[in-house]
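Me: I would like to go through the salt bridges of this predicted model. Please reason briefly and end each reply on the value or name asked for.

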Amino acid sequence: MLRNLVVNDYALIDHLAVDFDPGLNVITGETGAGKSIVIDALTLVLGNRGNKTNIRQGKNKMTVQGLFDISEQPGLLQKCEEFGIPMEDGQLILIREMDDRGRNICRANGLIITVAQLKTIGDELIDIHGQHEHQSLFKRENHRQLLDAFGGEKSQKYREQTAAYAGEIKRIEDLIAELETNERELEREKETLQFEINEIEAATLVVGEDEELEGEKRILENRERLFSHTSRAYELLRGENTDQNPILDALSLLAESIAEITRIDSSFEDKLETVNGILSETENLSFEIRSYLEDMEYNLGDLDEIETRLSVIARLKRKYGHNINEILAYAAEISIRLKSLLNRDESLQAYYQELSGIQDKYYKISNSLYQLRLKTAGALKTALEKELGELAMEKVQVEISVAHDPNRVSSHGQDIVEFLISVNPGQDPKPLGKVASGGEISRIMLSLKSIFGGLDAIETMVFDEIDTGISGRTAQVVAEKIQALSVTPPRGRQIICITHLPQIAAMSDQHFMVEKHTQNDGVEVSFVPLDEKGKKEELSRMLGGAEVTQKTWDHAQEMLELSQKIKKSKKSKEDKILS
């Protein structure tokens, strides 16, 4: 719900900061005072289209900030998580800036987001009804959901079964479509796959062989240098074919001398061990070098053969993978695909048989859902017409169309549901969104909300000029319905209502008065929260017009006392329900 709204340099507003009550918030003021400007600003932070002409004269940008508590809206919390918006204690701060060049900057808890993302979030935050187009319940795609919600657990059960069977049908049809691709394409794919498998298998690849071959190649390419330095190392150690004193002979002489020293001075024993160890290791090294020389003569492969093999491996890498492991994995993958294509006819027959069984189940349950929707539509029509009759729309005609398409397959069933309404005798029912009067639209929405109570996840509703064309007893009924909606268990809705009716204003939990002031540098709109005295004064003005008399003052006091009695009575009933 909306906790706080801050508006800067929007239209006639210089700076405005408003804290809203969780219950019923009422906004009143003289005609033309600018009551709807605040709602217009609110739509901006909800992602609706902005207009740079709304920037306050003399300023270069306008800013709107909304603080929302979404801790009780898990769906919206998940949406914020998907957008990467950081959350803490369920608090969401949305900021929208627009400059005089029409550029937008949108932020959610400090993270910059797009206008489209802002609107996605805004659509789940607030429903605004009246002169605006922010009306989720008037979207036809929501009507089926409303009808099924009115149908209760049975409708929910049928919908879940329908969705499950529709999902299975889609899965099997996708598999069939894949197998029924153009015959020529399938044949070409089979030939390609078989060629690739044959090419990889013919290469008889061994994991790691390319690395071994590269090592052999490097040795063969440097064979003369390698032989030269290896031979020299052996000669230095053994002294064959050279005039230089062999290293092993010198180490032997050194060992003899150290041994003689040790016989005289025992402290040299560790030196003797060191020299003997060096002599032993050096002898072993000489044996290994001689063996390496012999292997070079007999075990090295042919350079041309190695290069040819590496060329084959390199060609396969370019086509099928970065290394031999990837090439072999690719071969295994395409072998499965080829097997599937070769068994295509057998697979198709099995899929068609499975599809037929699932379709029978789908058509049976979707028809049951259709029959239940028809029955539910009649009950909802009666309930909605009753609610509208109490709101001075006695001649309204409601139609809930349930159009059934026996060939349609969807997760929602085979029906297209739409709410239609005629507000004047002799006129054919039309879609809800095409009803002409903003006041009528708001009363229709109020009726729907009264019927469905807490089914809608959106926590905040705005009614703009809901009192158009009503007065007297009907006005009192509207007031009580709005107040009841704001406290409906298990969790009430936050209501923001712009009104001219004192009956609605008297029911408020928080009352704001909007005034327009002419100043030297232009016009300014103020948004004032009223205390009890201020609330009574504003009610007196609404009852008596420009002049506040003792009679209107007493009448205002009477209305406030009556509203308190109504609130206490309803709260007592709700406490009993919740207990």
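Me: In which helix do K190 and E187 both lie?

Reply: K190 and E187 are 3 residues apart, about one turn of the helix. Their side chains meet in a salt bridge, at 2.9 Å from N to O. The helix that holds both, spanning residues 183-202, is α5.

Me: Is E187 buried, partly exposed or exposed?

Reply: The relative accessibility of E187 is 36%. Buried requires under 20% and exposed over 50%, so a value in between falls in the remaining class. E187 is therefore partly exposed.

Me: How many residues apart are E97 and K61?

Reply: E97 forms a salt bridge with K61, the closest N and O atoms being 3.7 Å apart. The pair links distant parts of the chain, with E97 in strand β5 (residues 91-99) and K61 in strand β4 (residues 61-69). Their separation along the chain is 36 residues.

Me: Which class of accessibility does E97 fall in?

Reply: Its partner K61 has a relative accessible area of 36% and is partly exposed. E97 has 17% relative accessibility, and the cut-off for the lowest class is under 20%. E97 therefore counts as buried.

Me: What is the relative accessible area of K386?

Reply: K386 forms a salt bridge with E390, with the closest N and O atoms 3.0 Å apart. E390 counts as partly exposed at 31% relative accessibility. K386 is exposed, and its relative accessible area is 53%.

Me: How many salt bridges does the structure hold?

Reply: Some salt bridges form a network, which links D148, R159, R373 and D415. For the structure, the number of salt bridges is 28.

Note on methods: Residues numbered from 1 in each chain as written. Predicted model: local features only at pLDDT ≥ 70, side-chain atom pairs only at ≥ 80, totals over all residues. Heavy atoms only, no water. Salt bridge = Lys/Arg side-chain N within 4 Å of Asp/Glu carboxyl O. Helix = DSSP H or I, 4+ residues; strand = E, 2+ residues; numbered from the N terminus. Buried < 20%, exposed > 50% of the residue type's maximum accessible area, 1.4 Å probe, protein only.
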